[in-house]
Amino acid sequence: MRQRLLQLRKQIKEEKPLIHCITNPISIHDCANVILAVGARPIMAEHPAEVEEITASSGALMLNLGNITDARIKSMKCSMGRAVENKIPVLLDLVGVACSDLRLDLARELLSIGHPAVLKGNMSELLAVSGLPSHAIGIDAGAQDALTSENIDAVSDVLKAFSRNNQAVVLATGKQDFVTDGEQVVLIENGTAALSGITGTGCMVGALTAAFLPGCEDHIAKEMTDRTEAGVWSGSEMGLNGRSGNYLDAAVLGTALMGIAGEQAEKISRGPGSFQVNLLDEIYGISDRQLLETLKIEMY
């Protein structure tokens, strides 16, 4: 996987795909900048009259449910429909669905339109969309829902089933990040508490992951061809609307890159202001060697 992550990062820098983001105004500036930092191109259009056209020309779509408005709700539905029609990978960030029926209903409506490539949220948000009890505090996960060594097997079963049911990679953020495609599980232990000291870092993880989604296409298509010819491609490895692949690498790379950048930025920052600036610089400047040496992942 480590070499695939490096190749994916390189591919995005070379191809510079357009990433359409419909997100909240609290983090829109930071989301655009982290997409630029990894070599992709953001467009943050959200007017209902133009979003379908813009989505159709994009390499990926990010939908973030933070700070909902009537116009943004309409735009998200329109863009999701066009992405499904054009087989464009979608990241759906379930911000706040555990604390608001409006957002929970919207998330379920978007999922009824089509399958995203990645479903992202904290543990409380993912439990809420799964129809299970959750203990969110606002947009934050409740302590009762946290991933622990005692509950990891049970949580893994729930999230793998949720991934299979929605034909999407599930990314659960937290102190320890959890990614699954319904079969494999990757735990990511990079990160720092300093990331929770500025607003929007969770949204930025979604933006980074979305930026890497288009780079999965060529790799996935080639792997599918090779494995189909060898007779070892399973039906469970078919993903977004009949397209091959599950975009696991994009979710792991986007999440790990934010965690590693946060670790490095904390070392040279005086407080949240300098940390925010240094975080963007670190996302931009981390070398492949540094990425490999500091990456903390466990697969099972």
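## A look around the model

Of the 300 residues in this protein, 54% count as buried. Keep in mind that we're looking at a predicted model. Its secondary structure adds up to 11 helices and nine strands. Among contacts with a separation of 6 or more, 73% link residues 24 or more positions apart. As for the outside, the accessible surface comes to about 12,600 Å², and carbon and sulfur atoms hold 51% of that.

Now for the inside. The largest nonpolar core has 56 residues, and the members touching the most other members are Val-179, Val-252, Leu-279 and Ile-283. Helix 9 gives this core its largest share, 11 residues. There's also a second, separate core, this one with 38 residues, including Val-90, Leu-110, Leu-127 and Ile-152.

Ile-283 is a good place to zoom in. Leaving aside residues up to four places away in sequence, Ile-283 touches Arg-9, Val-34, Ala-37, Val-38, Leu-208, Leu-257, Met-258 and Ala-261. Two of those names, Leu-257 and Met-258, fall within helix 9, which runs over 248-267.

Ile-283 itself belongs to helix 10, so let's turn there. How far apart are the end C-alpha atoms of helix 10, and what span should its 14 residues have? At 1.5 Å a residue, the helix (residues 272-285) should span 20 Å, and the end C-alpha atoms sit 19 Å apart, so the two agree. The buried residues here are Phe-275, Asn-278, Leu-279, Glu-282 and Ile-283. Because they cover an arc of only 140° around the axis, they end up on the same side of helix 10. Turn to the face pointing away from that buried side and you'll find the exposed residues Val-277 and Tyr-284. Note that the buried set isn't just nonpolar side chains: Asn-278 and Glu-282 are in there too.

Just ahead of helix 10 is Ser-269, in the loop that joins helix 9 to helix 10. Which backbone atoms lie by the polar side-chain atoms of Ser-269? On one side there's the backbone oxygen of Ala-265, 2.6 Å from a polar atom of the serine side chain. On the other there's the backbone nitrogen of Phe-275, at 3.5 Å from a polar atom of that side chain. Ser-269 also touches Ser-274, Phe-275 and Asn-278, again not counting residues up to four places away in sequence. Phe-275 and Asn-278 will look familiar, as both are among the buried residues of helix 10.

A few other loop residues deserve a quick stop. Ala-117 lies between helix 5 (101-113) and strand 5 (118-122). Is Ala-117 buried or exposed? With a relative accessible area of 2%, it counts as buried. Its C-alpha atom is 8.2 Å from that of Leu-92, although the two residues are 25 apart along the chain.

Then there are two lysines, each with a positive phi. For Lys-16 phi is about 50° although this residue is not a glycine, and for Lys-87, likewise not a glycine, phi is about 55°. Each has a place in a loop and is partly exposed, as the table shows.

| Residue | Loop between | Phi | Relative accessible area |
|---|---|---|---|
| Lys-16 | helix 1 (2-15) and strand 1 (18-22) | about 50° | 42% (partly exposed) |
| Lys-87 | helix 4 (70-86) and strand 4 (90-93) | about 55° | 37% (partly exposed) |

Technical notes
Residues are numbered from 1 along each chain as its sequence is written. This is a predicted model: local features need pLDDT of at least 70, side-chain atom pairs count only at pLDDT 80 or more; totals for chains, interfaces and linings use all residues. Side-chain values use heavy atoms; hydrogens and water are left out. Helices (H or I, at least four residues) and strands (E, at least two) are DSSP runs, numbered from the N terminus. The expected span of a helix is 1.5 Å times one less than its number of residues. Buried means under 20% relative accessible area, exposed over 50%, partly exposed in between (1.4 Å probe, protein chains only). The arc is that of the directions from the helix axis to the C-beta atoms. A polar contact is a pair of N or O atoms within 3.5 Å; within protein, one must be able to donate a hydrogen and the other to accept it, and residues adjacent in sequence count only if both atoms are side-chain atoms. Contact means heavy atoms within 4.5 Å. Accessible areas come from the Shrake-Rupley method with a 1.4 Å probe; for residues, only the protein chains shown count as cover. A nonpolar core is a set of buried Ala, Val, Leu, Ile, Met, Phe, Trp, Tyr and Cys residues joined through side-chain atoms within 4.5 Å.
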